Each structure stands twice: as C-alpha cells, then as structure tokens.
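Please open the model in your viewer and keep the selection tool at hand. The tour goes from one selection to the next, with a short account of what is there at each stop.

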Amino acid sequence: MTTDQIGNVAFVGEVDAGKSALIDKLIVQEANIGKTQSPIFYKGRVIDTPGEFVDNRSWNGALLSTISTVKTIVILQPATAKRITAPSGLLRVYPNKNVVGVISKIDAEGADCERAAALLKQNGIAGPYFETSIFDQASVDRLYHHLLSLQPVALD
C-alpha cells in the first residue's frame, strides 16, 4: 500500500446509509453499487460491512468479528435518519481504534446535519464529524485526507 491510499479501515452504518457509494468514491472504484449482502474486502483492507450488522442486534457479533483487525472504523449516520441504529457502545468494544463519524446524504431531501451530529455525539462518537455527499467531491476529499492522516507511518 502506498502512502496515498487509505486502508485498514471498516465502514459501518445502517442499511442505506451510503457506505458502498462512499467507498466507491474514496477508493476510486467503478463498481455496480448494489445491496451489500456480506462484508466486502477491498485492496488495502478497506471493508464495506452490511447495514444489517448494525440494524439487527443478533448480527452485532459478526460486525465485531469483521472489524476486529482494522485500526479505523468509519460510522455513517445519514442526515435523513431520525435515530442511530448502532447499539450504544458497540464500536467502543475495541478501545484502541480510531472512530470517525461521517454524516452522509447531506444533500438528500429532509437532511438535518445538526440532528445527525447530535445523534453521533449522544452515542459516544466524538467529533469532528465529516458531512459528505457522493455528489460533492470536496466533501469526499476532506474525509479521504483525514483517513490518510490516520494511516500508519511506514518506516524506511
């Protein structure tokens, strides 16, 4: 992995939070965005997790197993959602991980970024929060550069 690629990161969020579409923009992949049925592992250890892993508490164990080997967890909170689906504290099971809060779908009808930020904060996800839209490359780039800053430094 070169120093300008993100890796060692898992994307987590409810069904239809925009995880797959955001990953496609971040890793410049031309993929057919469809329903993620099981974790998808991309080059560089970028993991796209199914929304059911957080929506359905009986699958939380599968989520914890999937994210156990990554250093950074990106939790997506759609700006259109009225609640957070991830059980409180779930992503803090592994205390040495970076947790990055992303407010997705900021340009969707009914989007409320303040509510999304409050939900993330109430559930123990510290800021700063990255407001993103897959239709706004600048917002994707800000997240990308932040994720790059969290990459391990290679020793030569």
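Begin by selecting R115, which is partly exposed, with a relative accessible area of 23%. Bear in mind throughout that this is a predicted model. Add D112 to the selection, and you will have a salt bridge between the two side chains, with a distance of 4.0 Å from N to O. D112 is likewise partly exposed, at a relative accessible area of 28%. As a general point, side chains of opposite charge can pair when their charged atoms come close.

The structure holds 2 salt bridges, so the next selection is K105 together with D16, whose closest N and O atoms lie 3.2 Å apart. This pair links distant parts of the chain, since K105 sits in the loop between strand 5 (98–104) and helix 4 (113–122), while D16 sits in the loop between strand 1 (9–13) and helix 1 (19–26), 89 residues apart. Colouring by accessibility will show K105 as partly exposed, with a relative accessible area of 25%, whereas D16 is exposed, with a value of 59%.

Now turn to the nonpolar interior and select V12, L63, I67, V70, I75, I103 and L120, which are the residues with the most contacts inside the largest nonpolar core, a set of 21 residues. Strand 1, helix 2 (52–55), helix 3 (60–67), strand 4 and helix 4 each supply at least two residues of this core, and helix 4 gives the most, with 4 residues. A second, separate core of 19 residues can be found by selecting L26, L143, Y144 and L148, which are included in it. In soluble globular proteins, nonpolar side chains tend to be buried together.

Return to I103 and display its surroundings: leaving aside residues up to four places away in sequence, I103 touches Q77, A79, C113, A116, A117, L120, Y129, F130, E131 and T132.

The last stop is empty space. How many cavities of 30 Å³ or more does a search of the whole structure find? The search finds 2, and the second largest has a volume of about 30 Å³. To see its lining, select G13, E14, V54, I75, L76, Q77, I84, T85 and A86. Strand 4 (residues 72–78) provides the largest share of that lining, with 3 residues, and by character the lining residues divide into 5 nonpolar, 3 polar and 1 charged. I75, selected earlier for its contacts in the largest nonpolar core, is thus also one of the residues lining this cavity.

Key:
Residues numbered from 1 in each chain as written. Predicted model: local features only at pLDDT ≥ 70, side-chain atom pairs only at ≥ 80, totals over all residues. Heavy atoms only, no water. 1 Å grid on protein atoms, 1.4 Å probe; cavity = no way out; pocket = protein on both sides within 12 Å on 5 of 7 lines; lining within 4 Å. Points joined across faces, edges and corners; volume = space filled by probe spheres on them. Nonpolar A, V, L, I, M, F, W, Y, C, P; charged D, E, K, R; others polar. Buried < 20%, exposed > 50% of the residue type's maximum accessible area, 1.4 Å probe, protein only. Core = buried A, V, L, I, M, F, W, Y, C linked by side-chain atoms within 4.5 Å. Contact = heavy atoms within 4.5 Å.
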